[in-house]
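Open the model in your viewer and keep the selection tool at hand. We will go stop by stop, and each stop says what to select and what is there.

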Amino acid sequence: MTRPAPAAASVEAEITVSQTVTFPNGIPGFEASRRWVVLAAEGATPLRRLHAIDGVEASFLALDPRQVLEGYRCELSDADCARIGADMTTALLWLALVSVEPNGAVTVNLRAPIVINPKTMMGQQVLPHDSLYPLRHVLVEADRE
């Protein structure tokens, strides 16, 4: 059984600051940080902040990948679903990490999204082997001065 990211019209799950999301294996590169919170940005912006509350100090900007590409889809394997306690009916929160490149470009990682199950408060970064999406999808071009 694989579980695709739902269409953009589906119910979006929101996580409040008082709730801790556990990443049992951490996030690649930040394996020591296992407990995180998702903070909503101020104002009417799709940005979220994923902030570590243990391990190394880390914080990422993130947004729903369907805000970037309307038809975005990512498949969860049976093992992925089991790790976060999800099934085919579970509403999940999908986040793509945003980066500011050295040249000033703003990119988003569509290849390896973060997926969180708000019912179990378990999350992981999905690393599909056959992803068609780029690791650095450009949101804002670099300054050309």
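A residue is called buried here when its relative accessible area is under 20%, exposed when that area is over 50%, and partly exposed in between. Try the rule on Phe 60: its relative accessible area is 17%, so Phe 60 is buried. Keep in mind that this is a predicted model.

**Stop 1: the whole chain**

Show the chain as a cartoon. How many helices and strands are there in the protein chain? There are 1 helix and 11 strands. Follow the sequence from its start and the pattern reads β-β-β-β-β-β-α-β-β-β-β-β.

Now switch on the surface. The accessible surface comes to about 8,000 Å². Carbon and sulfur atoms account for 54% of that surface. The chain has 145 residues, and buried ones make up 41% of them. Look at contacts with a separation of 6 or more: 56% of them join residues 24 or more positions apart.

**Stop 2: the aromatic cluster**

Select Phe 23, Phe 30, Trp 36 and Phe 60. Together they form one aromatic cluster. The model has 4 aromatic pairs by the ring-pairing rule. Two pairs are worth a look here.

Start with Phe 23 and Trp 36. Their ring centres are 6.1 Å apart, with 65° between the planes, and the pair is edge-to-face. Phe 23 sits in the loop between β2 (21-22) and β3 (35-40), while Trp 36 belongs to strand β3. The two are 13 residues apart, and the pair links distant parts of the chain. Both Phe 23 and Trp 36 are buried.

Move to Phe 30 and Phe 60. Here the ring centres are 5.1 Å apart and the planes stand at 85°, so this pair is edge-to-face. Phe 30 is in the loop between β2 and β3, and Phe 60 is in strand β5 (residues 59-63). They lie 30 residues apart, and this pair too links distant parts of the chain.

Is Phe 30 buried or partly exposed? Its relative accessible area is 24%, so Phe 30 counts as partly exposed.

**Stop 3: Ile 53**

Stay with Trp 36 and add Ile 53. Ile 53 is in the loop between β4 (48-52) and β5. Draw a distance between the C-alpha atoms of Ile 53 and Trp 36: they are separated by 5.5 Å, though the residues are 17 apart along the chain. Beyond residues up to four places away in sequence, Ile 53 touches Thr 20, Arg 35, Trp 36 and Val 37. With a relative accessible area of 37%, Ile 53 is partly exposed.

**Stop 4: the largest pocket**

Select Leu 97, Ser 99, Asn 109, Gln 125 and Leu 135. Of the 16 residues that line the largest pocket, these lie nearest its centre. The pocket's volume is about 240 Å³. Two elements, β7 (93-100) and β8 (106-108), each give two or more residues to the lining. Which element gives the largest share of the lining? That is β7, with 3 residues. By type, the lining has 10 nonpolar, 4 polar and 2 charged residues.

**Stop 5: Val 106**

Pick Val 106, in strand β8. Set aside neighbours within four places in sequence, and its contacts are Val 98, Ser 99, Val 100, His 137, Val 138, Leu 139 and Val 140. Take Val 140 from that list: its C-alpha atom is 4.9 Å from that of Val 106, with their positions 34 residues apart along the chain.

**Stop 6: the second largest pocket**

Clear the selection. Choose the residues that line the second largest pocket, among them Phe 23, Asp 80, Arg 83 and Gln 125. This pocket holds about 180 Å³ of space. The elements giving two or more residues to its lining are α1 (78-84) and β10 (122-125). β10 gives the most, with 3 residues. The lining divides into 5 nonpolar, 5 polar and 2 charged residues.

**Stop 7: Met 121**

Finish at Met 121, in the loop between β9 (114-117) and β10. Most residues other than glycine have a negative phi. Met 121 is not a glycine, yet its phi is positive, at about 60°. Its relative accessibility is 13%, so Met 121 counts as buried.

Definitions and conventions:
Residues are numbered from 1 along each chain as its sequence is written. This is a predicted model: local features need pLDDT of at least 70, side-chain atom pairs count only at pLDDT 80 or more; totals for chains, interfaces and linings use all residues. Side-chain values use heavy atoms; hydrogens and water are left out. On a 1 Å grid over the protein atoms alone, a cavity is a set of points where a 1.4 Å probe fits but cannot get out, and a pocket is an open set with protein on both sides within 12 Å along at least five of seven lines; lining residues have an atom within 4 Å of a point. Grid points are joined across faces, edges and corners, and a volume is the space filled by probe spheres set on the points. Helices (H or I, at least four residues) and strands (E, at least two) are DSSP runs, numbered from the N terminus. Ala, Val, Leu, Ile, Met, Phe, Trp, Tyr, Cys and Pro count as nonpolar, Asp, Glu, Lys and Arg as charged, and the others, Gly among them, as polar. Rings of Phe, Tyr and Trp (its six-membered ring) pair if their centres lie within 6.5 Å; planes under 30 degrees apart count as stacked, over 60 as edge-to-face and the rest as tilted. Buried means under 20% relative accessible area, exposed over 50%, partly exposed in between (1.4 Å probe, protein chains only). Contact means heavy atoms within 4.5 Å. Accessible areas come from the Shrake-Rupley method with a 1.4 Å probe; for residues, only the protein chains shown count as cover.
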